[in-house]
Amino acid sequence: MPWRTLGVTNVWFLGGKDTASQNVLLSLANWDHGESLEHFVRLVRLTRPEVVPHVFPGDFYRGGSRRPSGFRVLATEAFDLAGDSTAFPEQVAGPAKRL
C-alpha cells in the first residue's frame, strides 16, 4: 500500500458507501453524515493525529476523482469538532460513578 511508504501505521475506514454521484450532499447522505461524523470525531479524539490526509473541500472540482468529496468534508468537520467538548459530549464524559 502506498501509505506504508509514508510511515503510516494505522488506517481506519468509515464504512461509507461509494457513490457514482459527484454531488457532495448525496455522498454525505449515503454515508449517514451524522453517524459518520460522530465516528470520525471519536477517532480524532482517541488518536490525536498529527495529520489527517485529505484534499481541502474547495479542491473537489479541480480534476481527479470527485467521488470521495464527502470524506473531505467529514475530515474537515471532524478535525474542527474534536476539540469542542460540546460536540458529542458523551465521548468526553468523565468517569461513571461506581459503587
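The expected span of a helix is 1.5 Å times one less than its number of residues. With that in hand, here are close-up views of a predicted model.

**Figure 1. The whole chain is built from helices, in the pattern α-α-α-α.** Start with the overview: the protein chain has 4 helices and 0 strands. Of its 99 residues, 24% count as buried. The accessible surface comes to about 7,400 Å², and 58% of this area belongs to carbon and sulfur atoms. Among contacts between residues at least 6 apart in sequence, 68% join residues at least 24 apart.

**Figure 2. Helix α3 spans 21 Å from its first C-alpha to its last.** This helix has 15 residues, and its reach is close to the 21 Å expected at 1.5 Å a residue. Take a moment to find its buried residues: S36, L37, F40, V41, L43, V44 and R45. Just after α3, look for R48, which takes a positive phi of about 45°.

**Figure 3. Twelve residues make up the largest nonpolar core.** The members to pick out are V24, L28, W31, L37, F40, V41, V44, V73, L74, A75, A78 and A82. Two or more of these residues come from each of α2 (24–30), α3 (33–47) and α4 (69–81). A good place to pause is L74, one of the core residues. Leaving aside residues up to four places away in sequence, L74 touches L14, L28, W31, H33, S36, L37 and F40.

**Figure 4. V44 in helix α3 touches P49, A78 and A82.** Those contacts leave out residues up to four places away in sequence. Is V44 buried or exposed? V44 counts as buried because its relative accessibility is 9%, where buried means under 20%. Both A78 and A82 belong with V44 to the largest nonpolar core. Another core member in this view is A75; 31 residues separate V44 and A75 along the chain, while their C-alpha atoms are 9.4 Å apart.

**Figure 5. D80, in helix α4, lies 9.8 Å from V44, C-alpha to C-alpha.** In sequence, these two residues are 36 places apart. How does D80 count, as buried or exposed? D80 has 54% relative accessibility and so counts as exposed, the cut-off being over 50%. V44, at 9%, counts as buried.

**Figure 6. E38 and R42 form a salt bridge.** Here the closest N and O atoms are 3.6 Å apart, and a search of the whole structure finds 1 salt bridge. Both partners lie in helix α3, 4 residues apart, which is about one turn of the helix. An α-helix has 3.6 residues a turn, so residues three or four places apart point the same way. Side chains of opposite charge can pair when their charged atoms come close. E38 counts as partly exposed, with 24% relative accessibility, and R42 likewise counts as partly exposed, at 36%.

**Figure 7. L6, V8, V11 and F13 form a nonpolar patch on the surface.** Together, these four residues have about 430 Å² of accessible area. Follow the chain to V11, which is found in the loop between α1 (2–5) and α2. V11 is partly exposed because its relative accessible area is 35%, and partly exposed covers the range between 20% and 50%.

Technical notes: Residues are numbered from 1 along each chain as its sequence is written. This is a predicted model: local features need pLDDT of at least 70, side-chain atom pairs count only at pLDDT 80 or more; totals for chains, interfaces and linings use all residues. Side-chain values use heavy atoms; hydrogens and water are left out. A nonpolar core is a set of buried Ala, Val, Leu, Ile, Met, Phe, Trp, Tyr and Cys residues joined through side-chain atoms within 4.5 Å. Buried means under 20% relative accessible area, exposed over 50%, partly exposed in between (1.4 Å probe, protein chains only). Contact means heavy atoms within 4.5 Å. A salt bridge is a side-chain nitrogen of Lys or Arg within 4 Å of a carboxyl oxygen of Asp or Glu. Patches are made of residues with over 30% relative accessible area and no salt bridge: like charges are joined within 9 Å, nonpolar side chains (Val, Leu, Ile, Met, Phe, Trp, Tyr) within 5 Å. Accessible areas come from the Shrake-Rupley method with a 1.4 Å probe; for residues, only the protein chains shown count as cover.
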